[in-house]
Structures are given as structure tokens and as C-alpha cells.
Amino acid sequence: MNLRATALLLLSASLLAACTTRPQPPGVETDFGRLSTLKPGEQASIRTRLKVNVVFVGYREALPGQVQTAQNVNVRDFRDILPKSYETIARIPSAYGNTEYTGNVFDYDYNFVFADQQFEDDFFGFLSQNAVEKPLTVFQKYFNCQFVTEVDEETGEPYQVPVDDCEAPSPLINRPVTANYEIDALATENWLADNVSRVGVKPGEYTVYLVNWYGRPDFKFHSYTRADAADTDTGTKFGARASRRLIAWGGSVREGAAPQRVWFYDLSANPDPWTDAWDMTNPDSTGDGVPDYRMPPIWEYGTRKASVAYGRKVSVDLARVVRYTALNLLFTPSPIYRVALTPPRMPQEIELDVRVEQGEGARDPATLLKRDLLQSRVSVLQPFAKFSTNVRQTPLDGDIADVYNCFFPIEAEDICSPDYADLFGEELFQFGVRELRESYRTAGDKYLLPIYAFNDASDSQGGLLGIAYDDGQTGTQSFVYSFLTPTLIRAGYGFTDTTVHEVGHHLSLSHPHDGYDSEEDLSYGSSGPFRFVDSGDQSATIMSYNDLSRTFGQFNLDAQYRYLTAAYLNNTNAILELTRRAGKVAGVQGAARSADSLFAQAQREYAALNYLRAAELGHQGYRAVLDAAAAAGVQVQAYKWYENLTGLSVQSVKAKPRISKDHLPKKGAWILPEETPEQRARRLAE
């Protein structure tokens with residue numbers, strides 16, 4: 001055979017071999033086979049690109065070469081201020097010293113859109129047609145008049161008092177509010193969601209509408225309302241209160257409709273009472289000693305008057321709202337607790353273990369707690385667990401009364417003298433631990449979610465509605481407390497909505513007015529340089545403080561299902577590692593490969609914003625591995641926090657958590673207070 005023939009034969013053989021060799025599948029070779037999504041023994045993250053649309057309605061863009069006025073928008077300001085990415089953490093566990101990532105990472109893809117004239121005409125026409133003229137609210141009057149100075153008769157110190165009646169508007173404002181047209185916030189959100197395609201946005205994408213009606217000939221001084229929003233138990237219409245007038249809204253769930261991920265923010269409304277934007281005089285409206293950054297109404301931007309709006313430009317402020325409110329608190333927030341509850345074996349059954357501690361002479365608790373609504377409302381946060389509710393009523397007396405009263409000491413007497421006041425809730429906590437350990441003797445595999453509802457016949461405390469404690473050791477969630485007194489009931493509150501809110505915390509969710517900035521590694525609440533983020537409360541969620549929602553909104557559900565998807569992934573990784581260490585790999589290999597495929601599907605659904613479906617697929621993969629491991633004889637234990645305690649108070653903990661007494665920004669993960677005095681006063685305001 002000549003050399004040419006030999007070369008051709010060898011070439012043909014190599015080509016034939018290449019054609020018959022299958023390409024290597026993606027992934028990494030492990031003891032369980034080649035896996036593409038699962039990483040046994042490792043912490044994995046689901047990283048996706050997330051498109052965020054910022055739509056300007058009624059604003060004009062500062063074009064290249066033009067001078068930017070105070071009320072123009074320069075997209076460069078947004079690009080300079082907005083983050084490139086966000087990585088969520090479990091905030092309270094992270095406050096104990098080591099940052100605990102949830103496994104959710106977002107790379108933002110921003111789309112800036114200026115609505116065209118026809119869209120603006122149609123939208124503002126909709127607002128005008130749906131606006132109903134009402135009297136000015138007390139806060140609009142405060143804005144017009146601002147303050148007078150009075151002198152304390154005892155101390156001789158001057159102090160300022162807001163005025164709602166004045167002969168002439170304050171010289172510190174540019175323009176007084178002369179009318180008040182009220183517009184339904186939900187109807188406005190729905191209109192904007194229904195018309196997103198007109199501004200080039202795909203329905204269901206995360207979208208912030210930044211609205212300005214001011215400057216048009218059809219402008220009306222206006223405010224948004226959720227006028228019929230009422231407490232579940234008492235029927236009190238919080239939505240009718242002047243303090244609940246809105247400049248923003250979004251995140252609602254429309255029954256039978258696809259998700260709408262829209263939030264609008266309108267600086268031409270009100271001025272906003274919830275963020276003290278009516279106050280143009282006081283640098284520090286919250287009284288914490290740090291000047292507040294508040295967003296004035298649009299017509300105050302560019303003023304040269306000696307007010308908090310002096311020299312401000314709206315473009316920078318709107319970018320701050322998008323970053324620190326819309327992104328960090330609504331669209332992609334960090335949870336406060338681990339969503340897994342009892343890693344690595346997550347619960348299949350959850351029992352709401354409600355203990356009503358009934359004070360003698362207190363109102364009938366049957367009128368204050370609707371157990372079926374409580375269960376149905378919170379069960380959406382753990383959709384693959386079976387829920388049940390057990391309500392027991394016992395007298396608020398004896399030992400439980402002692403520890404309760406020491407938690408809210410009023411007079412220095414008896415067991416609650418200053419030396420024994422239980423400011424950390426240590427004795428109340430330990431009392432609950434003893435009861436919970438006893439309950440778990442017959443609970444089987446159920447996760448008992450311990451809830452104490454104190455129905456006090458006396459005004460034993462100043463207005464705290466509830467709190468969701470951690471364990472004081474690892475940042476694991478522990479007890480849920482709800483409180484009612486005669487004054488709180490008269491203020492309009494029952495147990496149902498408060499308990500749903502606090503259970504929302506226990507199951508992971510945070511307030512929409514305090515949170516964490518990932519790139520800056522910063523915890524912050526609505527105070528000081530972030531006073532304006534109380535605008536996050538102006539969204540459809542029971543985690544808000546404004547009492548305008550009874551359920552969890554679309555932003556809550558999205559976040560929760562993302563947390564769950566990542567938790568199923570990482571707890572599956574942990575179970576595979578336990579299996580490897582137990583020498584039981586052979587019996588779990590098939591389940592691991594099947595689960596790996598399910599998690600690959602879950603990540604595709606996650607990237608497509610189908611978060612519930614992603615969590616469902618993740619749950620299936622997790623259960624496949626857990627069941628196979630159990631069948632192979634692997635011991636996978638659920639974490640039982642109540643069996644691993646030595647104390648709650650800061651003094652008894654070796655690794656002291658970072659606990660803040662205020663909502664001012666602080667580096668790292670911090671445990672922020674449930675409520676500040678200023679927030680409580682605003683919540684109770686008319």
C-alpha cells in the first residue's frame with residue numbers, strides 16, 4: 001500500500017471515530033455520577049440576569065449638551081447610582097458574625113424608557129377621570145403652613161408645632177396645595193400593568209414607573225388611596241386615615257391573572273405623609289439626632305428657599321428610590337431568617353401552635369383571631385408543606401403573667417423591680433421553650449411554629465403589636481408574639497393581621513422599609529440618609545406598617561419562592577454529602593442524577609421568572625434525594641433549635657449579635673428594631 005493510500009485510510013478511521021464518539025455531557029464528575037447543578041457538600045448559588053425597567057412618565061430627559069434643570073432626568077445619574085448586582089443574605093443569622101448567603105444572586109439589566117406623549121396623555125387622562133375631589137388632608141395643610149415655635153412652660157425650651165390653619169402659606173414652600181383629588185392606587189397600578197407593552201416592556205417584568213403629573217395643563221393636586229382597606233377583625237378602615245394617603249403603590253396579586261411586577265412612585269402627589277415629605281423645615285423629623293433625607297414634592301426641586309429641598313435635583317433622588325427602595329426592599333430583598341426552618345431536613349408539616357393568653361375581662365378572643373384566615377394566608381409561603389392550626393386558650397395569670405409583665409415593666413415593684421425587668425425577653429422566652437419542648441413530645445415530625453397571643457385587659461405597654469424573635473444564639477427564628485390591649489383594640493387592631501405579619505417574619509420575610517444593600521454591605525431602615533425608604537411600605541404587602549394589605553403581595557411571593565428554590569438546592573447538596581460520609585452512595589446515585597435534572601429545569605424556570613414552578617421542581621428534586629437517602633439508611637436530622645439553647649440575652653451569648661437600637665445605616669448585617677417610637681406614633685396616627 002502506498003503512502004497516499006495509508007494516509008487516507010488513517011484519516012478515514014479517525015473521522016469515523018470522531019463521528020461515533022459522543023460529546024461529553026456538561027457537569028462535574030462526582031461520587032454520584034456526572035452532575036450539572038448539584039454540588040454535594042457545597043453551597044451553590046442560582047445566578048441570573050434580571051431585567052429591571054425604569055419608565056419615566058411626565059419627566060423630560062436631559063439630552064447631551066443641554067443644561068440639566070432640577071426637574072429633568074439624566075439617565076447617567078441612574079447608571080452611577082444603581083447597583084450592578086445583588087446577593088441576598090439571611091440577615092439575622094448573618095448578624096451573629098458570619099455572613100450567611102441564601103444562594104440567590106442577581107445581575108441587573110436596566111432598561112430606561114421615556115413614555116411618549118400619547119401614553120402620557122392617556123395615563124393622566126385616566127387619573128383625571130378617576131380623581132374624586134376631597135377636602136385637604138391635615139398633612140397637606142401642614143405642608144402649606146409648616147410650623148410655629150412655642151416654648152415649653154416647664155423647661156423654657158422652644159419647640160416647633162405643625163400648623164394646619166394659616167392666613168398665608170409658609171414662605172418656605174414654592175407652591176401651596178390648593179386641592180386634593182383622591183385616586184385609587186390599585187386601579188392606577190392595574191392600568192400601568194395593563195399598558196406596559198405600550199412602553200416596550202414585556203408583561204410580568206419588574207418595572208418601576210416614575211410619575212410626574214406636575215407641569216401639565218391638566219394637573220390636579222392629588223393623592224392615592226386604598227380607602228376601603230380595613231382590619232380583618234375589627235373592620236377599622238385604616239385606608240380612610242389621612243396618614244395613609246399614598247404617593248406609591250404596586251406588587252398586587254390579581255386573582256386569575258399572570259403576575260404583574262409593577263410599582264409606581266409619583267412625586268407630584270400629596271406631599272407624602274408616610275415619609276414626612278410635607279415637612280420642609282425640620283432637618284431631623286424622626287428625632288434620632290441625624291438629618292433625614294426625604295423626597296419633597298416635585299414642585300419644590302430647585303428651590304433656593306431655606307428648606308430641606310434647597311438645591312435638590314430630582315434625577316439623583318429618583319435613582320436613590322429605585323436602588324434603596326424598589327430593588328433592595330421590594331424586587332430582590334434579603335430575608336431576615338432562613339427559609340429552610342430546620343435544615344437540612346425541611347419540614348413537610350407545619351402546625352401553627354397558637355396559645356391565646358387571655359386576660360381576665362379582656363375582649364372575647366373569638367372576635368379577634370380568625371384561625372382559618374391565618375392559616376390560609378401564611379400557607380402560601382411554604383406551599384409544599386401541609387399546614388394545620390391548633391389554638392389553645394389559657395388564663396393570663398400565674399407564671400406566664402409574671403414573665404409577660406416583666407417584659408413590659410411599668411412600675412418598679414414586686415418581681416419587676418429595676419433589677420429584674422426582663423428587657424431582653426429572657427424569662428418570657430425560656431417559659432416558651434419549656435412549653436415547646438413539652439409539646440414536641442407528641443408532635444412527631446411536625447414543625448411547631450410557636451405563637452403567643454397576649455390579650456391583656458389592661459394597657460400594660462405602649463403600643464407594640466408583635467415581634468418575631470430569634471433564638472439568641474444562631475439567628476434561627478423562634479417565637480412569634482402578638483399583643484393586644486384595650487387601647488390597641490380601640491385603635492382598630494385585632495390579632496389576625498398582626499399574627500400573619502409576624503409569621504411572615506418567622507417564615508423569612510422582611511419589612512419593606514428596612515433591609516440590606518449587597519454591594520455596599522449596608523443595613524439600613526427608614527431614618528437618617530434613608531428616611532425616604534418608608535415609601536416601600538406603600539406596596540401590596542401585609543409586611544408593611546400602613547395596614548393597607550391583609551395578604552402577601554407579588555413581590556413577597558417571588559422572593560419567597562426564590563429563597564425556597566435555593567434552599568432546596570443547597571439542602572439537597574448537604575444530604576448528598578451526608579450520604580457520602582455514611583458510605584451509602586450506591587443507593588442514592590439514581591435519585592441524585594434525577595434530582596440534578598429537576599434542578600436544571602428549576603433554574604430555567606427561575607430565569608424565566610416562573611418562581612413558583614422553580615420552587616416546585618426544586619422541592620421534587622430535594623424529596624427524591626431525601627427519600628432515597630432515608631431508604632439507604634442515612635440519618636438526616638432536622639435542626640431542633642429549642643433543644644440547643646443556654647440563654648437569650650446578649651450577656652449570655654459568647655458571639656454577640658449586632659443589634660441596632662435605631663434604623664440608622666450600619667456596615668454589615670444588623671438586627672434592626674421591630675419598631676421605633678416614631679414609627680409607632682405614625683402607625684397610630686389618624
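# A guided tour of the predicted chain

Buried residues make up 59% of the 686 residues in the chain. The model on display is a predicted one, and the tour proceeds from the whole chain to single residues.

**The whole chain.** Begin with a cartoon view of everything. The secondary structure comes to 16 helices and 21 strands. The radius of gyration is 28 Å, close to the 26 Å that the globule rule gives for 686 residues, so the chain is as compact as a globular protein of that length. Aligned to the principal axes, the C-alpha atoms fill a box of roughly 110 × 75 × 45 Å. If a contact map is at hand, consider the contacts with a separation of 6 or more: residues 24 or more positions apart account for 76% of them.

**The surface.** Switch to a surface representation. The chain exposes about 28,100 Å², and carbon and sulfur atoms supply 50% of that area. Colouring by charge brings up 67 positive and 88 negative side chains; the centres of the two sets lie 9 Å apart.

**The largest nonpolar core.** Next, hide the surface and select Phe78 and Tyr209. Of the 188 residues in the largest nonpolar core, these two touch the most other members. Then select residues 554-581, which form helix H13; this helix gives the most to the core, with twelve residues. In soluble globular proteins, nonpolar side chains tend to be buried together.

Return to Phe78 and display its surroundings. Leaving aside neighbours within four places in sequence, phenylalanine 78 is in contact with Val54, Phe56, Val73 and Phe112, and also with Leu210, Ser315, Leu318, Ala319 and Val322. Apart from the largest core lies another core, of six residues, for which Ile92, Ala95, Tyr96 and Ile336, among its members, may be selected.

**Helix H6.** Select residues 185-194. Seven of the ten residues of this helix are buried, so H6 is largely enclosed by the rest of the structure. The buried set consists of Ala185, Thr188, Glu189, Asn190, Trp191, Leu192 and Ala193. To see what they pack against, add helix H4 (117-130) and the strands E9 (180-184), E10 (206-211), E11 (222-225), E12 (248-250) and E13 (262-266).

**Backbone details.** Most residues other than glycine have a negative phi, and most peptide bonds are trans. Three places in this chain merit inspection in that light.

- Asn270: select the loop between E13 and H7, where asparagine 270 is found. Its phi is near 65 degrees, a positive value in a residue other than glycine. Asparagine 270 is buried, with a relative accessible area of 1%.
- Pro343 and Pro344: a cis peptide bond joins these two prolines, with omega about 0 degrees. Proline 344 has its place in the loop between helix H7 (314-331) and strand E14 (349-358).
- Leu609: move to the loop between helix H14 (589-607) and helix H15 (611-631), which holds leucine 609. Phi of this leucine is near 70 degrees, again a positive value in a residue other than glycine. Leucine 609 is buried, with a relative accessible area of 17%.

**A long distance to finish.** Continue into helix H15 and select aspartate 627. This residue is partly exposed, with a relative accessible area of 40%. Add tryptophan 299 and draw a C-alpha to C-alpha distance to aspartate 627: the two are 62 Å apart in space and 328 residues apart in sequence.

Technical notes. Residues numbered from 1 in each chain as written. Predicted model: local features only at pLDDT ≥ 70, side-chain atom pairs only at ≥ 80, totals over all residues. Heavy atoms only, no water. Helix = DSSP H or I, 4+ residues; strand = E, 2+ residues; numbered from the N terminus. Rg over C-alpha atoms; globule rule 2.2 N^0.38 Å. Buried < 20%, exposed > 50% of the residue type's maximum accessible area, 1.4 Å probe, protein only. Contact = heavy atoms within 4.5 Å. Areas by Shrake-Rupley, 256 points an atom, 1.4 Å probe, with all protein chains shown as cover. Lys, Arg positive; Asp, Glu negative; His and termini not counted. Charge placed at Lys NZ, Arg CZ, Asp CG, Glu CD. Core = buried A, V, L, I, M, F, W, Y, C linked by side-chain atoms within 4.5 Å.
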